[in-house]
Amino acid sequence: MAHRRALQFQIEQHHCHVRRIKQGLDEALAFADGNDDGAHVHQVTVPDVDVAAIRASTGLSQGAFARSIGVARGTLLNWEQGRRRPTGPAQVLLAMIARKPSLVSELLR
């Protein structure tokens, strides 16, 4: 009997989560259609980054720095030489390292 109650509780919790997800999706669709009643909009600005200067501040070689942030050395070279620009999570990570160059070594100990 206790197992049945526990299972019923889990099912109810699941349905609650599904309703909340659906509500969030409905709100997102309404916002996309121009209805922003009650919407909480968060805009985050990530600064442009000077990849070569950031890497230099860590004291790491190009290869070591690329490995430490999980990108190919060629990608890092493209960023440093301005042929490409980091975006998304890579840009955020680099902005964080720019503010605290020791971050890479602290996290990878």
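Two residues are in contact when they have heavy atoms within 4.5 Å of each other. Keep that in mind as we walk through this structure, which is a predicted model.

Let's begin where α3 and α4 come together. From α3, the residues Gln 62, Gly 63, Phe 65, Ala 66 and Ile 69 take part, and they meet Arg 73, Leu 76, Leu 77, Trp 79 and Glu 80 of α4. Sorted by class, this contact has 6 nonpolar, 2 polar and 2 charged residues. How are the two helices arranged? Two packed helices are described by the angle between their axes and the distance between the axes. For α3 and α4 the angle is about 110°, and the axes lie 9 Å apart. Angles of 65 to 115 degrees count as roughly perpendicular, and α3 and α4 are therefore roughly perpendicular to each other.

Now take α3 by itself. This helix is mostly covered, with 6 of its 8 residues buried. The buried ones are Gln 62, Gly 63, Phe 65, Ala 66, Ser 68 and Ile 69. Their cover includes α2, α4, α5 and α6. Just past the end of α3 you will find Gly 70, which takes a positive phi of about 80°. A little further on is Ala 72, in the loop between α3 and α4. Is Ala 72 buried, exposed or partly exposed? Its relative accessible area is 47%, so Ala 72 is partly exposed. The C-alpha atoms of Ala 72 and Gln 62 are separated by 9.8 Å, and the two residues are 10 residues apart along the chain.

On the α4 side, Glu 80 deserves a look of its own. Glu 80 sits in helix α4 and has a relative accessible area of 19%. Buried means under 20%, so Glu 80 counts as buried. What does Glu 80 touch, not counting residues up to four places away in sequence? The answer is Val 51, Ala 52, Arg 55 and Gln 62. Gln 62 is also one of the α3 residues that meet α4.

Following the chain out of α4 brings us to Thr 87, in the loop between α4 and α5. With a relative accessible area of 57%, Thr 87 is exposed. Thr 87 and Asp 48 are 39 residues apart in sequence, and their C-alpha atoms are 9.3 Å apart in space.

Next comes helix α5, residues 88–99. At 1.5 Å a residue, its 12 residues should span 16 Å, and its end C-alpha atoms are 17 Å apart, which agrees. Which residues of α5 are buried? They are Gln 91, Leu 94, Ala 95 and Ile 97. Looking down the axis of α5, you would see these buried residues fall within an arc of 160°, so they line one face of the helix. The face turned away from that buried side carries the exposed residues Pro 89 and Arg 99. As for what covers the buried residues of α5, the list includes α2 (51–58), α3 (62–69), α4 (73–80) and α6 (103–107).

Another residue of α5 to pick out is Ala 98. With a relative accessibility of 42%, Ala 98 counts as partly exposed. Ala 98 and Val 49 are 49 residues apart along the chain, and 7.8 Å separates their C-alpha atoms.

Beyond α5, Pro 101 lies in the loop that leads to α6. Pro 101 has a relative accessibility of 28% and counts as partly exposed. Leaving aside neighbours within four places in sequence, Pro 101 is in contact with Ser 57 and Thr 58.

Pro 101 also gives us a way back to the start of the chain. How far apart in space are Pro 101 and Arg 4? From C-alpha to C-alpha they are 54 Å apart, with their places 97 residues apart in sequence. Arg 4 falls inside helix α1, which covers residues 2–32. At 1.5 Å a residue, the 31 residues of α1 should span 45 Å, and its end C-alpha atoms are 45 Å apart, in agreement. After α1 comes Gly 34, whose phi is positive, near 100°.

Note on methods:
Residues numbered from 1 in each chain as written. Predicted model: local features only at pLDDT ≥ 70, side-chain atom pairs only at ≥ 80, totals over all residues. Heavy atoms only, no water. Helix = DSSP H or I, 4+ residues; strand = E, 2+ residues; numbered from the N terminus. Expected span 1.5 Å × (residues − 1). Buried < 20%, exposed > 50% of the residue type's maximum accessible area, 1.4 Å probe, protein only. Arc of directions from axis to C-beta. Axes fitted to C-alpha atoms, helices over the stretch in contact; angles between N-to-C directions. Parallel < 35°, antiparallel > 145°, perpendicular 65-115°, else oblique. Nonpolar A, V, L, I, M, F, W, Y, C, P; charged D, E, K, R; others polar.
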